[in-house]
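This briefing is intended for a reader at the bench who has the sequence and the model at hand. The points are grouped by topic and may be read in any order.

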Amino acid sequence: MIAVYDAAGQVVGAADRAEVYRAGIWHGSAGVLVRSGDGERIYVHRRTDTKMVFAGMHDCLAGGVIGPGESPAETAVRELAEELGITLIGTEPRPLARVAWDGEWQGKPMRCHLFAYELRYDGPIRHQPEEIADGWWWTDAELRAHLADPDWPFVPDTRVLVGDLLT
């Protein structure tokens with residue numbers, strides 16, 4: 001079950017994840033842009049080929065869908081620990097942006113309110129093998145160069161906001 005939102009961004013209930021994706025129901029997701037401590041590099045990863053949506057695509061937000069009763073910040077912290085093995089104690093990622101994405105995935109509508117956060121971090125990263133196939137550090141310029149290619153397989157909801165977050 002995941003939280004269901006209305007088009008304005010208010011939580012209105014919960015539904016099964018597969019049904020939300022199948023019917024294009026508005027929902028919420030939260031992700032964390034992990035930057036190196038000096039802010040010079042961003043952690044980019046490739047999703048596994050077994051993910052329900054955006055399989056095998058690249059992303060620079062460690063994140064996922066918001067659960068019922070969960071705040072976007074709580075989702076961001078949970079997903080950061082699950083996907084990259086980064087456990088936060090006594091700190092929270094900094095809110096960066098929020099965007100409503102009304103797009104399409106595999107010929108079906110997909111509607112999501114994406115809450116983006118940022119964390120400065122230089123510690124170890126441990127991928128959850130079911131979710132992350134690979135990952136590496138890139139400068140903003142390297143990521144921007146890849147994003148300039150519309151055919152580069154990058155998660156579409158992150159693509160709509162990440163350009164504004166790069167230096």
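**Briefing on the predicted model**

Gln 106 is found in the loop between β7 (94-105) and β8. The coordinates discussed here belong to a predicted model. UniProt, in an unreviewed entry, places the feature "domain: Nudix hydrolase" at residues 25-160. The same kind of record, also unreviewed, carries the annotation "binding site" for Glu 79 and Glu 83.

**Backbone: residues with positive phi**

- Most residues other than glycine have a negative phi.
- Gln 106 is not a glycine, yet its phi is positive, near 50°.
- With a relative accessibility of 65%, Gln 106 counts as exposed, because that value is over the 50% cut-off.
- Phe 54 also has a positive phi, of about 55°, although it is not a glycine.
- The position of Phe 54 is in the loop between β4 and β5 (58-59).
- Phe 54 is buried, at a relative accessible area of 5%.

**The annotated domain**

- Over residues 25-160, the span to which UniProt assigns the domain feature, the chain is 19% helix and 41% strand.
- The C-alpha atoms at the two ends of residues 25-160 are 19 Å apart.

**The annotated binding-site residues**

- Both residues covered by the UniProt "binding site" annotation, Glu 79 and Glu 83, belong to the lining of the largest pocket.
- Glu 79 is placed in helix α2 (residues 72-84), and Glu 83 lies in helix α2 as well.
- Glu 79 is buried, with a relative accessible area of 6%.
- Glu 83 has a relative accessibility of 2% and is therefore counted as buried, the cut-off being under 20%.
- Apart from its neighbours within four places in sequence, Glu 79 is in contact with Ala 62, Gly 63, Gly 64, Val 65 and Leu 84.
- With neighbours within four places in sequence again left aside, the contacts of Glu 83 are His 45, Ala 62, Gly 63, Arg 126, His 127, Gln 128, Glu 131 and Ile 132.
- Ala 62 and Gly 63 are among the residues in contact with Glu 79, and they are also among those in contact with Glu 83.
- The side chain of Glu 83 reaches the backbone nitrogen of Gly 63 at 3.1 Å.

**The largest pocket**

- The volume of the largest pocket is about 440 Å³.
- The lining of this pocket consists of 31 residues, of which Tyr 21, Arg 47, Gly 63, Gly 64 and Val 65 are the closest to the centre.
- Two or more lining residues come from each of α1 (17-23), β3 (27-35), β4 (41-47), β6 (61-65), α2, β8 (108-120) and α4 (156-162).
- Gly 63, Gly 64 and Val 65, which are among the residues closest to the pocket centre, are also among the contacts of Glu 79.

**His 113 in strand β8**

- His 113 lies in strand β8.
- At 3% relative accessibility, His 113 is classed as buried.
- The side chain of His 113 reaches the backbone oxygen of Asp 6 at 2.9 Å.
- Beyond its neighbours within four places in sequence, His 113 is in contact with Tyr 5, Asp 6, Ala 7, Ala 8, Gly 9, Trp 26, His 27, Gly 28, Ser 29, Arg 98, Val 99 and Ala 100.

**Cysteines**

- How many disulfides does a search of the whole structure find? The search finds zero.
- Cys 60 is in no disulfide, and the nearest cysteine sulfur, that of Cys 112, is 15 Å away.
- Cys 112 is likewise in no disulfide, its nearest cysteine sulfur being that of Cys 60.
- The two sulfurs are 15 Å apart and therefore do not form a disulfide, for which they would have to be within 2.5 Å.
- Cys 60 is buried, with a relative accessible area of 1%.
- Cys 112 is buried too, with a relative accessible area of 2%.

**Glu 142 in helix α3**

- Glu 142 lies in helix α3 (residues 140-147).
- At 36% relative accessibility, Glu 142 counts as partly exposed, because the value falls between the 20% and 50% cut-offs.
- Glu 142 and Glu 40 are separated by 102 residues in sequence, while their C-alpha atoms are 11 Å apart in space.

Conventions
Residues numbered from 1 in each chain as written. Predicted model: local features only at pLDDT ≥ 70, side-chain atom pairs only at ≥ 80, totals over all residues. Heavy atoms only, no water. Buried < 20%, exposed > 50% of the residue type's maximum accessible area, 1.4 Å probe, protein only. UniProt positions renumbered as here; feature names shortened; annotations may be inferred. 1 Å grid on protein atoms, 1.4 Å probe; cavity = no way out; pocket = protein on both sides within 12 Å on 5 of 7 lines; lining within 4 Å. Helix = DSSP H or I, 4+ residues; strand = E, 2+ residues; numbered from the N terminus. Contact = heavy atoms within 4.5 Å. Polar contact = N/O pair within 3.5 Å; in protein donor to acceptor, adjacent residues only side chain to side chain. Points joined across faces, edges and corners; volume = space filled by probe spheres on them.
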